Amino acid sequence: MSHTIGFNIRRLRKAAGMTQEQLACRLNVSFQTVSKWENDLMAPDLSLLPVLAEVFQVSIDELLGYNGKARKAEIRKLSVEAWKYRKEGDLKAAENLLRQGLLQYPGDDILLNCLLYAVEDRTERMGIATSLCETTADAEVRYDALRFLAEDYAAEGNYDMAKAMLDRIPELYFTKLSVAAQILPGEDRKVNAEKQKWISLEEMVLMMAALSRYYQESGEAELAKKERDRAEELIVLFQTDMNFADALREKLQV
């Protein structure tokens, strides 16, 4: 449970065995000011936060009641739960869960990034993606947002903008997972290789679907069918998860 800075100042002051007057003297403010802080009637000036943290021998994060580890854990939990809803095909449940999370953690990049996968309204999705591109310090989130923008611009027929978004994404010929699977021993090799295997499978099916569409649009129906059939054989070969297999087949038909 998080607390206000006033609550934390009172708690830390008492833990240090100090009176309001003693703390006020250390900070060169009146004891009435300290009282107002502790009763959440006003907040300390930002310039006093480092001094308060030093007086109580705590970090500014602790003074503000910010628990970074707990926040990250909760955001990860929300992200995983939303992913499970998406995997089951319940986008609305995933969207609602993420919106509730954003009420608790406004503007969080990870939750907004997850929301891109759940929101079906293209205009809203593009707005979220554009905002993330401009504000996030997380390169992975930014590149994912650019990918969504490229896809949505293409869906609107605006291929110039789609290409402009793609130009902002660096071309990488390896992934962290693939490198880890090749150089790390033991369980690390297994975990990373397993994750990359399924990602690579999905990418392979998507590329075969893209080739099939190209051949179909070019009037080469036989080649288009051949590409789709080969993709279906690949899906059958790895059909251990029916939901995943059905999702791949859906992408193959697009």
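Okay, a definition before anything else: when I say exposed, I mean over 50% relative accessible area, buried is under 20%, and partly exposed is in between. Keep in mind too that this is a predicted model.

Let's try that definition on Asn28. Its relative accessible area is 73%, so Asn28 is exposed. You'll find Asn28 in the loop between helix 2, residues 20-27, and helix 3. Now look at the backbone there: Asn28 has a positive phi, near 60°, and it isn't a glycine. That catches the eye because most residues other than glycine have a negative phi.

There's another one like that a bit further on. Asp40 also isn't glycine, and its phi is positive, near 55°. Asp40 sits in the loop between helix 3 and helix 4, which is residues 49-56. With a relative accessible area of 43%, Asp40 falls between the two cut-offs, so we call it partly exposed.

Between those two loops is helix 3, residues 31-38, and Glu38 belongs to it. Is Glu38 buried or exposed? Buried, because its relative accessibility is just 4%. So what does this charged side chain pair up with? The side chain of Arg13 makes a polar contact of 2.5 Å with the side chain of Glu38. If you skip the neighbours within four places in sequence, the contacts of Glu38 are Gly6, Phe7, Ile9, Arg10, Arg13 and Gln20.Scratch my word "charged" a moment ago, and the "so" in front of that question: what I can show you is the polar contact between Glu38 and Arg13.

On to the middle of the chain. The largest nonpolar core has 29 residues, and the ones touching the most other members are Leu98, Leu111, Leu115, Leu116, Ile128, Leu132 and Leu149. Which helices each supply at least two residues of this core? They are helix 6 (68-87), helix 7 (91-104), helix 8 (109-116), helix 9 (122-135), helix 10 (139-155) and helix 11 (159-167). Helix 10 gives the largest share, seven residues. Take Leu115 as an example: leaving out neighbours within four places in sequence, Leu115 is in contact with Glu95, Leu98, Arg99, Leu102 and Ile128. Apart from that core there is another one, of 16 residues, and Ala24, Leu48, Val55 and Phe56 are among them.

Cysteines next, for those of you who were going to ask. How many disulfides are there? The count is zero. Cys133 is in no disulfide, and the nearest cysteine sulfur to it, that of Cys114, is 16 Å away. For a disulfide, the two sulfur atoms would have to be within 2.5 Å. Cys133 has a relative accessible area of 8%, so it counts as buried. Cys25, on the other hand, is exposed, because its relative accessible area is 65%.

Now the later helices, starting with helix 12, residues 176-183. Buried in helix 12 are Leu177, Ser178, Ala180 and Ala181. These cover an arc of only 165° around the axis, so they sit on the same side of helix 12. Lys176, Gln182 and Ile183 are exposed on the other side. And what covers the buried residues of helix 12? Helix 13 is included in that cover.

Helix 13 itself runs over residues 186-217. Its 32 residues, at 1.5 Å a residue, should span 46 Å, and the end C-alpha atoms are 47 Å apart, so the two agree. Its buried residues are Asn192, Gln196, Leu201, Val205, Met208, Ala209, Ser212 and Tyr215. Lys195 is in helix 13 too, and it counts as partly exposed because its relative accessibility is 48%. If you want to see Lys195 against helix 12, pick Ser178: the two are 17 residues apart along the chain, and their C-alpha atoms are separated by 8.9 Å. After helix 13 comes Gly219, with a positive phi near 80°.

Last stop, helix 14, residues 221-237. We'd expect its 17 residues to span 24 Å at 1.5 Å a residue, and the end C-alpha atoms are indeed 24 Å apart. The buried residues in helix 14 include Ala224, Glu227, Ala231, Leu234 and Ile235. Looking down the axis, the buried residues of helix 14 fall within an arc of 100°, so they line one face of the helix. Over on the other side, Glu222, Lys226, Glu233 and Leu237 are exposed.

That's my tour; over to you.

Terms used. Residues numbered from 1 in each chain as written. Predicted model: local features only at pLDDT ≥ 70, side-chain atom pairs only at ≥ 80, totals over all residues. Heavy atoms only, no water. Buried < 20%, exposed > 50% of the residue type's maximum accessible area, 1.4 Å probe, protein only. Helix = DSSP H or I, 4+ residues; strand = E, 2+ residues; numbered from the N terminus. Expected span 1.5 Å × (residues − 1). Polar contact = N/O pair within 3.5 Å; in protein donor to acceptor, adjacent residues only side chain to side chain. Contact = heavy atoms within 4.5 Å. Core = buried A, V, L, I, M, F, W, Y, C linked by side-chain atoms within 4.5 Å. Arc of directions from axis to C-beta.
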